[in-house]
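Before this model is used further, I would ask that the points below be read alongside the coordinates. They run from the overall picture to individual side chains.

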Amino acid sequence: MSAGGAFGGNRGLRPVPPEKGIFPLDHLHECDTEKKEYLNCLKTCGHKSEKCRQFSKKYLQCRMEKNLMAKQDLSELGFRKPSEMEASVGNEL
């Protein structure tokens, strides 16, 4: 038998939120325009997120500016600087 509670949970242990993925919801709709642009792009591009990167970057920047997520360098979120992107394209050829 397991020592966990119902549904496998551990009783008495305090849950620790994940480092990423938890952030306040945009209750005041401060970044709705950016969100809608991104979602519209996904719909028109057949849900291929790589074609909508500029919109997701804009949305994340809005969330950081409005303190809806921790401020972080965009390169840590998978967005490279234009000079780095040019260098990687040159290396692929």
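1. Helices here are DSSP runs of H or I with at least four residues, numbered from the N terminus, and it is in this sense that glutamate 34 is placed in helix 1. The model is a predicted one, so the confidence figures in the next point should be read before the geometry.

2. The average pLDDT of the protein is 79, and 62% of the residues score at least 70. Among the elements, helix 1 has the highest mean pLDDT, at 96, whereas helix 3 (residues 82–92) has the lowest, at 52.

3. The secondary structure consists of three helices and zero strands, and along the sequence this reads as α-α-α. Of the 93 residues, 22% count as buried, and the protein exposes about 7,800 Å², of which carbon and sulfur atoms supply 56%. When contacts between residues at least 6 apart in sequence are considered, 41% of them join residues at least 24 apart.

4. Helix 1 covers residues 32–44, and because 13 residues at 1.5 Å a residue should span 18 Å, the 18 Å found between its end C-alpha atoms agrees with expectation. Helix 2 (53–65) likewise has 13 residues and reaches 18 Å from its first C-alpha to its last, close to the 18 Å expected. Just after helix 1, glycine 46 takes a positive phi of about 65°, and just after helix 2, asparagine 67 takes a positive phi of about 55°.

5. What covers the buried side of this pair of helices? The buried residues of helix 1 are Asp32, Glu34, Tyr38, Cys41 and Leu42, and their cover includes helix 2. In helix 2 the buried residues are Ser56, Tyr59, Leu60, Cys62, Arg63 and Met64, and these pack against helix 1.

6. A search of the whole structure finds two salt bridges. One of them joins the side chains of aspartate 32 and lysine 35, at 3.5 Å from N to O; these residues are three apart in helix 1, and therefore separated by about one helical turn. Aspartate 32 counts as buried because its relative accessibility is 17%, under the 20% cut-off, while lysine 35, at 34%, counts as partly exposed.

7. The side chains of glutamate 37 and lysine 58 also meet in a salt bridge, at 3.1 Å from N to O. This pair links distant parts of the chain, with glutamate 37 in helix 1 and lysine 58 in helix 2, 21 residues apart. Glutamate 37 is partly exposed, with a relative accessible area of 27%, and lysine 58 is partly exposed as well, with 37%.

8. Glutamate 34 deserves a separate look. Which side chain of opposite charge is nearest to glutamate 34, and how far away is it? The nearest is lysine 58, 5.4 Å away, and glutamate 34 is buried yet has no salt bridge; a salt bridge requires the nitrogen and a carboxyl oxygen to be within 4 Å, so a separation of 5.4 Å does not qualify. Leaving aside neighbours within four places in sequence, glutamate 34 is nevertheless in contact with Lys58, Tyr59 and Cys62. Lysine 58 thus appears in both settings, as the salt-bridge partner of glutamate 37 and among the contacts of glutamate 34.

How values were computed
Residues numbered from 1 in each chain as written. Predicted model: local features only at pLDDT ≥ 70, side-chain atom pairs only at ≥ 80, totals over all residues. Heavy atoms only, no water. Helix = DSSP H or I, 4+ residues; strand = E, 2+ residues; numbered from the N terminus. Expected span 1.5 Å × (residues − 1). Buried < 20%, exposed > 50% of the residue type's maximum accessible area, 1.4 Å probe, protein only. Contact = heavy atoms within 4.5 Å. Areas by Shrake-Rupley, 256 points an atom, 1.4 Å probe, with all protein chains shown as cover. pLDDT = per-residue confidence, 0-100. Lys, Arg positive; Asp, Glu negative; His and termini not counted.
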